[in-house]
Amino acid sequence: MRSEGRKKRHKQLVKLIETNPLLTDEEISSALGVSLSTVRLDRGLLAIPELRERTRLMAEHATSRLKSLRAEEVVGELIGLEPNNWALSTLLPTPDMAFRTTELVGDYYIYAQAASLAIATIDAEMVVVEAARLKFCGPSYLGEKIIARSKAGTHKDNRYVVSVHSRIGEREIFVGRFVVAVVDAYDSEKVEDGTC
């Protein structure tokens with residue numbers, strides 16, 4: 001009877017981490033209704049690494065698939081990438097990202113994380129943001145980790161629609177819809193000179 005409960009808990013733990021690999025042991029403990037030591041024991045038995053190691057492995061894998069930007073050009077840390085499908089990044093704001101005497105993070109850093117993630121999502125050598133519709137839904141403060149997820153939608157010719165949602169925990173702080181274009185960096189005639 002005990003082993004059946006453990007097997008069920010192990011399945012739930014695996015599903016939780018597959019759904020959100022950025023969950024801390026404390027969040028898993030709360031979701032499963034078990035102690036922190038039980039979560040750590042279960043992770044060990046299932047050979048699931050701790051959050052820091054999971055994040056490092058995800059970042060290495062994502063960076064190796066990155067084509068449209070260099071890793072250091074992505075604002076935040078790229079930790080998941082399925083080219084032309086989705087991407088995931090985190091940003092832990094530093095004091096220089098906050099407005100002068102406050103702990104409020106500048107909205108342009110949130111936008112920069114989302115825009116670079118939209119570009120990173122597309123599997124091409126050169127991708128630029130052509131248009132964007134943005135909505136800031138709430139503030140971000142120092143010490144709060146921003147998790148941005150992108151999802152590629154429709155595309156036609158060399159243009160893709162990529163949506164990005166940024167969250168702090170369960171609170172959504174930003175939603176962006178980007179139209180990104182694949183351009184040939186060596187052929188300037190292919191880059192259309194559009195008017196605003």
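Reader: Which residue follows helix 3, and what is the sign of its phi?
Author: Happy to start there, with one note: this is a predicted model, where local features need pLDDT of at least 70, side-chain atom pairs count only at pLDDT 80 or more, and totals for chains, interfaces and linings use all residues. Residues are numbered from 1 along each chain as its sequence is written, and side-chain values use heavy atoms, leaving out hydrogens and water. Helices (H or I, at least four residues) and strands (E, at least two) are DSSP runs numbered from the N terminus. After helix 3 comes Ala47, with a phi near 55°, which is positive.

Reader: Why are the buried residues of helix 3 on the same side?
Author: Buried means under 20% relative accessible area, exposed over 50%, and partly exposed in between (1.4 Å probe, protein chains only). In helix 3 (residues 36-45), the buried residues are Val39, Asp42 and Arg43. They share a side because the directions from the helix axis to their C-beta atoms cover an arc of only 100°.

Reader: Which exposed residues does the opposite face carry, turned away from the buried side of helix 3?
Author: An α-helix has 3.6 residues a turn, so residues three or four places apart point the same way. On the face turned away from the buried side, helix 3 carries Ser37, Leu41, Gly44 and Leu45.

Reader: In what order do the six strands form the open sheet?
Author: Two strands pair if DSSP finds at least two bridges between them. The pairing here is antiparallel, and the edge strands, strand 1 (77-82) and strand 3 (127-136), each pair on one side only. The order is 1-2-4-5-6-3.
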